[in-house]
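Please walk me through this protein chain, one region at a time. Keep it short and plain.

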Amino acid sequence: MSRSVRRGLAAIGLCACLSAGAAASEQAAAIKDGAVLGVRSGMTLIEARRAAPSLSWDYEPTFMVDFSALCAAKSAENRAEDTLFCARIEESATERPGARIVVIAAIGKDLATPEGVGPGMTVAAASAIYGAADLSYNLENEARETLSFAKAPEWLGFAAASESTESRYAGVYPPLPKGATIQTTSEFAEDAVIEMLWVNAEP
């Protein structure tokens, strides 16, 4: 192999490494400073579309039981797989362009914080980065489970799940005391995985 060919291949390899590094850096910064791909709470729907014009937007009237959202996907062809995040708006019954975003649910596995925490990561791995985990559920709030970490940014919240528990809760809870509606724990299932990051720049 000639010296010029070797140099050419080395240059190609260097470019590939630089491209991969740039892609990883871009992914790591996708959830940053209270925003997801530049979209943050407080923005109007018009501003959100302008902030991420390459994404395919669609209104989901029943994103969760008690609210609707405007969801952004990488493409319109396979929204179930390509949805990156969904933004809850202040008036759940409408898609008015001037309606403002209240909170953003980051669900795409392509998304992550600068520290590398994102949907699909195990709670154990995230805890190694953000510190001790604290989990709780509230019977008066659809029995939803919430997850937080001791050192995570204040504008970040988390939702996780486990396939090994009957309830799919990520936390391992003691029996709920009679008459109580809230239970907490710092113990979680080995297979517990983060499903969603709640992003709100205005906590």
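## Ser162 and its partners

Start in the loop between S10 and S11, where Ser162 has its place. The model shown here is predicted. Is Ser162 buried or exposed? Ser162 counts as buried because its relative accessibility is 1%, and the cut-off for buried is under 20%.

The side chain of Ser162 has two polar partners to look for. One is the side chain of Ser164, at 2.8 Å. Another is the side chain of Asp191, at 2.5 Å. Now set aside residues up to four places away in sequence. Ser162 then touches Arg168, Tyr169, Ala170, Ala189, Asp191 and Ala192. So Asp191 appears among the residues touched by Ser162, and its side chain makes a polar contact with that of Ser162.

## Glu195 on strand S12

Next, move to strand S12, which holds Glu195. Glu195 counts as partly exposed because its relative accessibility is 39%, and that class runs between 20% and 50%.

Which side chain makes a polar contact with the side chain of Glu195? It is the side chain of Arg168, at 3.1 Å. Arg168 is also one of the residues touched by Ser162. Leaving out residues up to four places away in sequence, Glu195 touches Ala106, Ile107, Pro119, Ala159, Ala160, Ala161 and Arg168. Glu195 and Gly108 are 87 residues apart along the chain. Their C-alpha atoms are separated by 8.8 Å.

## The largest pocket

Strand S12 also helps to line the largest pocket. This pocket holds about 580 Å³ of space. How many residues line it? The lining has 25 residues. Met64, Arg144, Glu145, Ala159 and Trp198 lie nearest the centre of the pocket. Ala159 is also among the residues that Glu195 touches.

Three strands each supply at least two lining residues: S9 (144–149), S10 (156–161) and S12 (193–199). S10 gives the most, with six residues. Sorted by class, the lining has 14 nonpolar, five polar and six charged residues.

## Aromatic pairs

The structure holds seven aromatic pairs. Take Tyr130 and Phe158. Their ring centres are 6.3 Å apart and their planes meet at 55°, so this pair is tilted. The pair links distant parts of the chain. Tyr130 is in helix H4 (residues 123–130), while Phe158 is in strand S10, 28 residues apart. Tyr130 and Phe158 are both buried.

A second pair to find is Tyr137 with Tyr169. This one is stacked, at 4.9 Å centre to centre and 20° between the planes. Again, distant parts of the chain are linked. Tyr137 sits in strand S8 (residues 133–138), and Tyr169 sits in the loop between S10 and strand S11 (182–185), 32 residues apart. Tyr137 and Tyr169 are buried. Tyr169 is also one of the residues touched by Ser162.

Which residues form one aromatic cluster with Tyr130? They are Phe149 and Phe158.

## Around helix H3

Now look at helix H3 (79–82) and the loop between strand S5 (67–73) and this helix, where Ser75 has its place. The side chains of Ser75 and Asp82 are joined by a polar contact of 2.6 Å. Apart from neighbours within four places in sequence, Ser75 is in contact with Ser56 and Asp82.

Glu81 is found in helix H3. Is Glu81 buried or exposed? Glu81 is exposed because its relative accessible area is 60%, and the cut-off for exposed is over 50%. Glu81 and Lys109 are 28 residues apart in sequence. In space, they are 9.7 Å apart, C-alpha to C-alpha.

## The whole chain

Finally, step back to the full chain. Its secondary structure comes to four helices and 12 strands. The chain has 203 residues, and 39% of them count as buried. Ser162 is one of the buried residues.

Contacts can also be sorted by how far apart the partners are in sequence. Consider contacts between residues at least 6 apart in sequence. Of these, 53% join residues at least 24 apart.

Key:
Residues are numbered from 1 along each chain as its sequence is written. This is a predicted model: local features need pLDDT of at least 70, side-chain atom pairs count only at pLDDT 80 or more; totals for chains, interfaces and linings use all residues. Side-chain values use heavy atoms; hydrogens and water are left out. On a 1 Å grid over the protein atoms alone, a cavity is a set of points where a 1.4 Å probe fits but cannot get out, and a pocket is an open set with protein on both sides within 12 Å along at least five of seven lines; lining residues have an atom within 4 Å of a point. Grid points are joined across faces, edges and corners, and a volume is the space filled by probe spheres set on the points. Ala, Val, Leu, Ile, Met, Phe, Trp, Tyr, Cys and Pro count as nonpolar, Asp, Glu, Lys and Arg as charged, and the others, Gly among them, as polar. Rings of Phe, Tyr and Trp (its six-membered ring) pair if their centres lie within 6.5 Å; planes under 30 degrees apart count as stacked, over 60 as edge-to-face and the rest as tilted. Buried means under 20% relative accessible area, exposed over 50%, partly exposed in between (1.4 Å probe, protein chains only). A polar contact is a pair of N or O atoms within 3.5 Å; within protein, one must be able to donate a hydrogen and the other to accept it, and residues adjacent in sequence count only if both atoms are side-chain atoms. Contact means heavy atoms within 4.5 Å.
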